[in-house]
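Here is a short tour of a protein model, written for someone who likes to see the numbers beside the picture. Take a look at the fold first, and then we can walk through it together.

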Amino acid sequence: MLFDMDGTLIDSEKVWDRSLVEVLRWLGGTDLSAAARRETLGGNLASSLAIVFREAGVAQTPALSEQGARMLVDTTAEFFEAGLPWRPGAEEALRTVRLAGPKVALVTNTGRYLTDKALIGIGHEHFDVTVCGDEVPRGKPAPDPYLRAASLLGVAITDCVAVEDSPTGIASAEAAGAAVLGVPCEVPIPAGPRRVVRDSLVGLRAEDLACVLGSVRGRPEA
């Protein structure tokens, strides 16, 4: 079982939003447009930073990019260290799935430095492996993070269910070949042949994830 982090397990998308706005204002902008906010959901540091520079109307030079990236990471780290709230049902769902016995991975576009800070609150013990966005050649929406997680777990990606909240993450998991349980956070999740959509993680059991896999496998268009 493969779990996304931001917006799926922890309510951190708003934290990223605040950090991105700080960088935007440092560049002379004011606020992110609604469309830009949606674009950043599930993205990695590089893609989110590029959106901020675009919104500010500032050319992304290497020097400015380095400064902006450092500011974004440092600001977000402060928020992460203060503790992040769980998404509804997420903590209990993780414990329930873990107790049921399947191998579990955390698969996130967030870099290792910030992920390790978040894991202090989430708990390393929930996962057999963790894969971060800066540990693969391409982050989500490319399939690389999910393919690496399945490889590290020693399981076929087609036997995995990815739990995701964003279009970017869902695209990554589906491109890799996983079935997807979509649990919306900031934006709605449309129906698709390789996914099942659920309102929240409240009451989620390992059997429910097995049903998601069975349902996707049973669809001829998948």
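For the charge count, Lys and Arg are taken as positive and Asp and Glu as negative, while His and the chain ends are left out. On that basis, this predicted model carries 22 positive and 30 negative side chains. The centres of the two sets are 3 Å apart.

Now for the overall build. The protein contains 9 helices and 6 strands. Its radius of gyration is 17 Å, close to the 17 Å that the globule rule gives for 222 residues, so the protein is as compact as a globular protein of that length. Some further whole-protein values are gathered here:

| Property | Value |
|---|---|
| Box filled by the C-alpha atoms, along the principal axes | roughly 50 × 35 × 30 Å |
| Residues that count as buried | 52% of 222 |
| Exposed area | about 9,700 Å² |
| Share of the exposed area from carbon and sulfur atoms | 54% |

Contacts also tell us about the chain: among those with a separation of 6 or more, 61% involve residues 24 or more positions apart.

How are the strands of the open sheet ordered? The order is β3-β2-β1-β4-β5-β6, and the pairing is parallel. At the edges sit β3 (129–131) and β6 (195–197), each of which pairs on one side only. Within the sheet, β4 (residues 161–164) and β5 (residues 179–182) run parallel and are joined by 4 bridges. If you would like a residue pair to find on screen, try E164, whose bridge partner in β5 is G182.

Notes. Residues are numbered from 1 along each chain as its sequence is written. This is a predicted model: local features need pLDDT of at least 70, side-chain atom pairs count only at pLDDT 80 or more; totals for chains, interfaces and linings use all residues. Side-chain values use heavy atoms; hydrogens and water are left out. Helices (H or I, at least four residues) and strands (E, at least two) are DSSP runs, numbered from the N terminus. The radius of gyration is taken over C-alpha atoms; the globule rule is 2.2 Å times the number of residues to the power 0.38. Buried means under 20% relative accessible area, exposed over 50%, partly exposed in between (1.4 Å probe, protein chains only). Contact means heavy atoms within 4.5 Å. Accessible areas come from the Shrake-Rupley method with a 1.4 Å probe; for residues, only the protein chains shown count as cover. The place of a charge is taken as NZ of Lys, CZ of Arg, CG of Asp or CD of Glu. Two strands pair if DSSP finds at least two bridges between them.
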